[in-house]
Amino acid sequence: MAKKKLTRQEEFDILKLVLDKFLWLGFIIMAYGLYKLFQLDWTNGLLLIVAGAIVLVVLLIIIVKEYEIIRY
């Protein structure tokens, strides 16, 4: 059975959906960490903010690898 080839536009649309979920996940984790900071739970709050930042860095790496962004 032959696999269907996706056009560049279809690939881009699917990638946008996936990356959007990573972006929301990173934002929600960081927002919850900020909430924990305001509750004076410093260690857990900072750890959650760092975890959210790591998710966003992974998102950045995926974008750079997928689109072969050239640094000038």
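In the predicted model, 50% of the contacts in the protein between residues at least 6 apart in sequence join residues at least 24 apart. The secondary structure against which these contacts are set comprises 2 helices and 0 strands. The radius of gyration of the protein is 17 Å, well over the 11 Å that the globule rule gives for 72 residues, and the protein is therefore more spread out than a compact globule. Along the principal axes, the C-alpha trace spans about 55 × 35 × 20 Å.

With regard to solvent exposure, buried residues account for 14% of the 72 residues in the protein, and the accessible surface amounts to about 6400 Å², 72% of which belongs to carbon and sulfur atoms. As for charge, the protein carries 9 positive and 7 negative charges, and the mean positions of these two sets are 3 Å apart.

A search of the whole structure for aromatic pairs returned 2. One of them is formed by tryptophan 24 and phenylalanine 27 in an edge-to-face arrangement, with 6.1 Å from centre to centre and 80° between the planes. Both tryptophan 24 and phenylalanine 27 belong to helix H1, which covers residues 8-38, and their separation of 3 residues corresponds to about one turn of the helix. Phenylalanine 27 has a relative accessibility of 51% and therefore counts as exposed, the cut-off for this class being over 50%.

Key. Residues are numbered from 1 along each chain as its sequence is written. This is a predicted model: local features need pLDDT of at least 70, side-chain atom pairs count only at pLDDT 80 or more; totals for chains, interfaces and linings use all residues. Side-chain values use heavy atoms; hydrogens and water are left out. Helices (H or I, at least four residues) and strands (E, at least two) are DSSP runs, numbered from the N terminus. The radius of gyration is taken over C-alpha atoms; the globule rule is 2.2 Å times the number of residues to the power 0.38. Buried means under 20% relative accessible area, exposed over 50%, partly exposed in between (1.4 Å probe, protein chains only). Contact means heavy atoms within 4.5 Å. Accessible areas come from the Shrake-Rupley method with a 1.4 Å probe; for residues, only the protein chains shown count as cover. Lys and Arg count as positive and Asp and Glu as negative; His and the chain ends are not counted. The place of a charge is taken as NZ of Lys, CZ of Arg, CG of Asp or CD of Glu. Rings of Phe, Tyr and Trp (its six-membered ring) pair if their centres lie within 6.5 Å; planes under 30 degrees apart count as stacked, over 60 as edge-to-face and the rest as tilted.
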